[in-house]
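Trainee: Can you take me through one part of this model slowly, starting at the ligand and then moving on to how the helices pack? I'd like it in plain words.

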Amino acid sequence: MLKAKPFVKWAGGKRSIIDKLISLAPENFETYYEPFVGGGAMLYELQPRKAIINDYNTELMNVYECIKDENKFANMCGELNKHETNHSEDYYYEIRDLDRDKKKFNKLADYKRAARTIYLNKACFNGLYRVNSKNEFNVPSGKKNKVNTYDGPNLGIIHCLLNFNDINLLSTDFEECVKNAKKGDFIYFDPPYDSDTSTFNSYTENGFGKEEQKRLAKVFKDLDKRGCYVMLSNYNTTLIKELYKDYNFNYVTAQRNIGASSKNRGKVEEVIITNYKNKEGFKE
Ligand SMILES: C[S@@+](CC[C@H](N)C(=O)[O-])C[C@H]1O[C@@H](n2cnc3c(N)ncnc32)[C@H](O)[C@@H]1O
């Protein structure tokens, strides 16, 4: 089957290390769980027959819902074409600010909200996703003259993947998402990153601080005890080293824009942790 690429640019997207992730995935498994799916790079590459994918971000998961549903998908594509045609600086702010009136925004059709999410991601500054305390999307325009909002062939591949396989979509907390995982299932956790630097200790835009990392490690251990295959990626920080010291560490250097001004900007050591042995032939 053809492979899709993420329909949004997403912070922490996994495309640059996807080969390594695939080489570390178990060869056979029952249900695939991806509790922090984001842009879905791993899902598209793995193409599981049965999966539960999840993200706390309801606007993002609404896009997956709309790509999956026949009618919503057709309507969403029409809307994306409209955004692409109408795009301008003023138009961007008009669409962005639809969420300032919550009553109206909550009545918008799902497919319109989904198209808005994709359009904002393509047209905003650097593909960021950021909302303020009132849950209003507040990223400024990327000042692009033209945006390619509608990528029909790619969206079509994702539509097929979500329909020809048994894929369930959720938008909840990671712990809730995996509560029914059982022996033989494969869970890939890609949480918001931990960091050793002070800049990043205060970076909790997803409400994902040290306590959340510790809660996740407990869930990882519990799934390990249940007999699941568990894989997790993160930065190789002091806390991560400590939390997962009983498991297998694989190292990979990824290209990341982490925001802090340092001479190492862009090059970051990531770890991929598994509770099972690597496939034969994999070099650490
Ligand atoms: C590092 S990103 C995942 C990137 C993704 N693997 C990709 O390739 O695009 C982390 C994701 O976790 C989600 N998230 C944050 N807190 C969460 C929680 N408690 N439960 C589930 N998802 C959460 C964020 O919305 C974000 O999409």
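Trainee: How do the residues of the shell around the ligand divide into nonpolar, polar and charged?

Mentor: Sure, but keep in mind that this is a predicted model. The shell around the ligand splits into nine nonpolar, six polar and four charged residues. There are 19 residues around the ligand, and the ones that come nearest are Gly 12, Phe 36, Gly 38, Gly 39 and Tyr 56.

Before you lean on any of this, check the confidence. The protein chain has a mean pLDDT of 90, with 90% of its residues at 70 or more. Residues 198-205 are a weak patch, with pLDDT below 50, and beyond near neighbours in sequence this stretch has seven contacts in the model. Residues 280-284 also sit below 50, and that stretch has three contacts beyond near neighbours in sequence.

Now for the helices, and let's follow α7, residues 110-123. Take its meeting with α4, which covers residues 70-86: the two axes come within 8 Å and cross at roughly 45 degrees. That angle is why α4 counts as oblique to α7. As for handedness, α4 passes α7 in a right-handed crossing. On the α4 side the contact uses Lys 72, Asn 75, Met 76, Glu 79, Leu 80 and His 83, while α7 brings Asp 110, Tyr 111, Lys 112, Ala 114, Ala 115, Ile 118 and Tyr 119. By class, the contact of α4 with α7 has seven nonpolar, two polar and four charged residues.

α7 also meets α5, residues 89-96, where the axes come within 10 Å and cross at roughly 135 degrees. The two helices are therefore oblique to each other. Here the crossing of α5 past α7 is left-handed. Tyr 92, Ile 95 and Arg 96 of α5 touch Arg 116, Tyr 119, Leu 120 and Ala 123 of α7. The class split for α5 with α7 is five nonpolar, no polar and two charged. Keep an eye on Tyr 119 of α7: it's listed in the contact with α4, and it's listed in the contact with α5 too.

One more pair to look at is α3 and α8. Helix α3 (residues 58-68) packs on helix α8 (residues 152-164) at about 85 degrees, with the axes 8 Å apart. Because of that angle, α3 is roughly perpendicular to α8. Tyr 64, Ile 67 and Lys 68 come from α3, and Leu 155, Ile 158, His 159, Leu 162 and Asn 163 come from α8. Sorted by class, the contact of α3 with α8 has five nonpolar, two polar and one charged residues.

Conventions. Residues numbered from 1 in each chain as written. Predicted model: local features only at pLDDT ≥ 70, side-chain atom pairs only at ≥ 80, totals over all residues. Near = placed C-beta within 6 Å. Nonpolar A, V, L, I, M, F, W, Y, C, P; charged D, E, K, R; others polar. Axes fitted to C-alpha atoms, helices over the stretch in contact; angles between N-to-C directions. Helix = DSSP H or I, 4+ residues; strand = E, 2+ residues; numbered from the N terminus. Parallel < 35°, antiparallel > 145°, perpendicular 65-115°, else oblique. Left-handed = near helix turned anticlockwise from the far one by under 90°. Contact = placed C-beta atoms within 7 Å. pLDDT = per-residue confidence, 0-100.
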